[in-house]
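Take a walk through this fold, one element at a time. Keep the model open as you read.

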Amino acid sequence: MKVSLFYLPSVGNRSQIEAGRVGLRGDLYDQMLREISAQAKLADDLGYDSMSFTEHHFHVEGFELSNNPVLLDLFIGMQTKRLRVGQLGIVLPSQNPIRVAEDIAMLDHMTGGRANAGFARGYQRRWVDIMAQQTHGIHGALPHQHDEIDTANRAAFEENFRIIKQAWTQDFSSFQGKYWRIPPGETPWTLDATRNWGGGVENGIVKAVSVVPKPVQKPHPPVFQPFASSERSIRWCAQEGVTAILPPLHPKLEYRLCEVYAEVSGKPIGEGMGVLRDLVIADTEDEARNLWRESGYFCGHNWFEPFGFSQGLIDPETREEADVFKDGLALVGTVDGVTRQLEQMAKRLPVRWIFAWMYNSLLPHERLMKSIELFWTKVLPRVANLK
């Protein structure tokens, strides 16, 4: 099992966020950069696999100030030696797929082949609707939503993915889809340099383009999708060879989605699957849970529950809600307590990835550093077949 550190990332502690508009404070953004830099260097030295960042925009509230995860990846990649960097994820329906393919390929070169690629569909309408306005009819789609908005969002996501994959793996690309056309029409191009040394042009008209550079990793960087929670999304991931990352879900739902991936892919159950987990380790259980209430619970209750994520914690048969600690849906406690939670999770859910949620800024920097170190040096060695 591989372990990646996952960041929103956020600025400001709880009291600073509750004071309002903390995202406008550049000093706290600079502090965030200094702190995640130190955390990345520690993770690099310890042996963690990777760090991953979200994509979100306009968050003056302080949560998820991550409008360009590839730039954050490069920021971290330039300061580390072996740590991989990625996105969970770039919201494809709001993006130009050619630009995404170029940016990640550049990142792969600049980090010496340490880039991961993560692609999401996007659910926060305040920014997805604005950033995706060049693509007619595309909006953010809420978790567990199944309507025309969801259908259009999914179609744009899958079309953009096909364009990116083609751009990475083929010398010259052309594509005629619902949302994108490459080339967009009869585009003239009569340069002698292209006729002598290039390609993709016939009789002075562009027929295809070469997206360069190509990634270092072949055929392309590993691809992840956060945070898949429907059978349709899992089936798509399995068909495309994409690693699906589950948000915290009721154990019955988690295992069923692992079964679906295995059925479609033909791989052993758990292969190609990962989970997102809060991670807080302290000297006592009470201390760890208090820290979690000021970070994970505060963020989840105020920022994610309103979007409907908590629906996935409900038992589909009894309608009872899962216990996040007893069911191993959060790794919060002492070293012994987190070890037990992880062992329980590993026995029932043989996934290949853990994305450990780092509530930076909401958790004091020194506490977060301690959790990173203890999880790697004290917890993982005690859980068989994980490290």
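What follows covers helix packing, then a cavity, then some backbone details.

The model is predicted. Begin with helix 2, residues 26-46. One of its partners is helix 12, residues 365-379. Their axes lie 10 Å apart and make an angle of about 15°. Angles under 35 degrees count as roughly parallel, so helix 2 is roughly parallel to helix 12. The crossing of the two is right-handed. On the helix 2 side, the contact is made by Glu35, Ala38, Gln39, Leu42 and Leu46. Helix 12 contributes His365, Leu368, Met369, Ile372, Glu373, Trp376 and Thr377. By class, seven residues of this contact are nonpolar, three are polar and two are charged.

Stay on helix 2 and turn to helix 3, residues 69-77. Here the axes come within 10 Å and cross at roughly 50°. Helix 2 and helix 3 are therefore oblique to each other. This crossing, too, is right-handed. Tyr29, Leu33, Ile36, Ser37 and Ala40 of helix 2 take part in the contact. They meet Leu72, Phe75 and Ile76 of helix 3. The classes here are seven nonpolar, one polar and no charged residues.

Now go back to helix 12 and look at helix 11, residues 335-348. The two pack at an angle of about 70°, with axes 11 Å apart. Angles of 65 to 115 degrees count as roughly perpendicular, so helix 11 is roughly perpendicular to helix 12. Helix 11 and helix 12 also make a right-handed crossing. From helix 11 come Val335, Val338, Thr339 and Leu342. From helix 12 come Leu374, Phe375, Lys378 and Val379. Six of the contact residues are nonpolar, one is polar and one is charged.

Next, the interior space. How many cavities of 30 Å³ or more does the structure hold? There is one. The largest cavity encloses about 40 Å³ of space. Which residues line the largest cavity? The lining is formed by Ser4, Ser50, Ser52, Gly86, Gln87, Leu88, Asn116, Phe224, Trp353 and Phe355. Three strands each supply at least two residues of this lining: strand 2 (50-53), strand 3 (84-87) and strand 14 (353-358). By class, the lining has six polar residues and four nonpolar ones. No charged residue is part of the lining.

Leu88 leads on to the backbone. This lining residue of the largest cavity is joined to Gly89 by a cis peptide bond. Omega there is about -15°. Gly89 sits in the loop between strand 3 and strand 4 (90-91). Strand 3 is one of the strands that supply the cavity lining.

Another cis peptide bond joins Ile182 and Pro183. Its omega is about -5°. Pro183 lies in the loop that runs between strand 7 (181-182) and helix 7 (192-197).

One more backbone detail is found at Glu64. This residue is not a glycine, yet its phi is positive, at about 60°. Where is Glu64 found? It is in the loop between strand 2 and helix 3. That loop links two elements already met: strand 2 supplies residues of the cavity lining, and helix 3 crosses helix 2 at roughly 50°.

Definitions and conventions
Residues numbered from 1 in each chain as written. Predicted model: local features only at pLDDT ≥ 70, side-chain atom pairs only at ≥ 80, totals over all residues. Heavy atoms only, no water. Axes fitted to C-alpha atoms, helices over the stretch in contact; angles between N-to-C directions. Helix = DSSP H or I, 4+ residues; strand = E, 2+ residues; numbered from the N terminus. Parallel < 35°, antiparallel > 145°, perpendicular 65-115°, else oblique. Left-handed = near helix turned anticlockwise from the far one by under 90°. Contact = heavy atoms within 4.5 Å. Nonpolar A, V, L, I, M, F, W, Y, C, P; charged D, E, K, R; others polar. 1 Å grid on protein atoms, 1.4 Å probe; cavity = no way out; pocket = protein on both sides within 12 Å on 5 of 7 lines; lining within 4 Å. Points joined across faces, edges and corners; volume = space filled by probe spheres on them.
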